[in-house]
Amino acid sequence: MHDEESEGLGMTVTSVQTDYGTSSLAGSTPEYDPPASPGRRKDPAEAIFAFAASVILFTQVPSVVKVLFNKNPSVFTACSILCAGNMVSVVWFPILFWKDLTIEKLSKVTKREVVALFTSSLLYSAIGPALQLRGLETTSVALSSAIQRLETVNLLLFTYWVSGDPISTWNVLNGIAIIVCVITFCIVNDTPLGNGALYILSSGWAFSFSLVITKSELSNVLPGHVACARAILGTIFYHIFAAGEETLAEVYSIELWKSMIWYGFIYVVIAQYLWVLALQSCKSTTIAVGITTQFPLQLVWAFLFLGDIPPFAQIAVSVVLVIVAFSGAMETVVMGRRGEYTAEQADRIPLKGI
């Protein structure tokens with residue numbers, strides 16, 4: 001899951017967090033984080049279930065996408081999958097978020113927020129997923145998941161650049177450890193990296209910058225506005241892209257839609273909706289700790305769905321990456337208990353420990 005909050009449905013839709021994700025159309029955790037009270041919150045059982053289910057679904061996306069790629073590479077391309085996934089969400093999101101889509105509520109969105117929403121959506125629903133799925137076409141799920149860990153470092157740097165939030169020594173050490181682990185993971189990779197790794201790396205920059213924009217400019221925009229805007233923009237973008245590549249026929253092929261009806265509904269619509277429900281009720285510390293399971297879960301799904309077994313060296317590095325991710329989450333827990341977060345910082349807690 002990329003980051004912490006709600007981007008990428010299947011989208012990874014969507015993300016999510018970090019999105020995870022997203023945009024999660026490509027397997028990232030969606031990153032949209034609805035406004036939440038900074039006080040201590042309880043975790044209702046339904047919120048825990050929604051959070052756990054969304055994490056499970058988002059982490060399955062890379063492996064499911066690889067299965068689709070292998071099914072028929074000429075029909076199941078990055079563009080066709082993303083376009084169809086967004087089209088499914090365009091149908092369902094207005095139904096699920098209808099309370100957010102009244103004229104009165106839409107009229108409260110400012111021009112500045114519209115510009116920020118367009119920019120964030122372009123990065124999160126179009127550019128990021130396109131790069132990520134293009135990378136997955138030639139990259140293993142294990143290597144892709146490892147490189148995505150660098151989004152944590154991107155996020156820290158972007159957040160510092162935009163908001164000036166100080167970076168703790170704990171964060172610096174975790175960031176260095178992540179970089180070392182990812183480089184080591186790539187060195188011991190049993191196949192040449194190629195352009196796929198570069199695509200995955202670039203998608204991380206797009207997702208991270210989108211998240212920073214969302215957190216800094218869209219904190220007062222309702223989840224339904226964000227979800228629907230991203231679905232619509234993604235649909236338009238991929239139609240234009242498919243037209244340019246002369247692959248619109250694949251987007252509307254029966255073979256594609258036999259799979260995309262269930263894929264879009266489960267991994268884009270349901271996953272994103274559960275993620276939003278979880279963020280509205282779960283404590284930030286719960287989310288920060290819970291998303292540390294993203295990386296190992298992606299490896300588990302790759303084994304179950306694809307039969308992929310990373311070499312021992314990569315497994316060893318993966319264990320270290322999980323420990324580092326958990327360490328980052330522990331900073332969130334410790335500082336939260338000490339009361340070291342301001343009310344403003346409390347809404348950004350999920351940014352940490354990803």
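Reader: Okay, angles under 35 degrees count as roughly parallel, over 145 as roughly antiparallel, 65 to 115 as roughly perpendicular and the rest as oblique. Which of these words fits H5 and H7?

Author: H5 and H7 are roughly antiparallel to each other, because they pack at an angle of about 155°. Their axes (lines fitted to C-alpha atoms over the stretch in contact, with angles from 0 to 180 degrees between N-to-C directions) lie 9 Å apart. This is a predicted model, where local features need pLDDT of at least 70, side-chain atom pairs need 80 or more, and totals for chains, interfaces and linings use all residues. Residues are numbered from 1 along each chain, and side-chain values use heavy atoms, without hydrogens or water.

Reader: Where do I find those two helices?

Author: H5 covers residues 141-148 and H7 covers residues 169-187. Helices here are DSSP runs (H or I, at least four residues), numbered from the N terminus.

Reader: And which residues meet there?

Author: From H5 you get Ala142, Leu143, Ala146 and Ile147, and they meet Val182, Phe185 and Cys186 of H7 (contact means heavy atoms within 4.5 Å). That contact has seven nonpolar residues, no polar ones and no charged ones.

Reader: Is H5 mostly covered or mostly open?

Author: Mostly covered: eight of its eight residues are buried, Ser144 and Gln148 among them. Buried means under 20% relative accessible area, exposed means over 50%, and partly exposed is in between, with a 1.4 Å probe and protein chains only.

Reader: New topic! Which residues touch the most other members in the largest nonpolar core?

Author: In that core of 48 residues, they are Phe51, Ile81, Met260, Tyr263 and Trp275. H11 (254-281) gives the most to the core, with 13 residues. Ile81 touches Val65, Leu68, Phe69, Phe76, Leu133, Met260 and Tyr263, leaving aside residues up to four places away in sequence.

Reader: What about Gly224, buried or exposed?

Author: Gly224 is buried, with a relative accessible area of 0%, and it lies in helix H9. Its C-alpha atom is 7.5 Å from that of Pro94, although the two residues are 130 apart along the chain. Gly224 also touches Phe97, Asp100 and Leu101, not counting residues up to four places away in sequence.

Reader: Last one: what is the phi of Glu246?

Author: Glu246 has a positive phi of about 55°, although it is not a glycine. Most residues other than glycine have a negative phi. Glu246 sits in the loop between H9 and helix H10 (248-251), and at 72% relative accessibility it counts as exposed.

Technical notes. Ala, Val, Leu, Ile, Met, Phe, Trp, Tyr, Cys and Pro count as nonpolar, Asp, Glu, Lys and Arg as charged, and the others, Gly among them, as polar. A nonpolar core is a set of buried Ala, Val, Leu, Ile, Met, Phe, Trp, Tyr and Cys residues joined through side-chain atoms within 4.5 Å.
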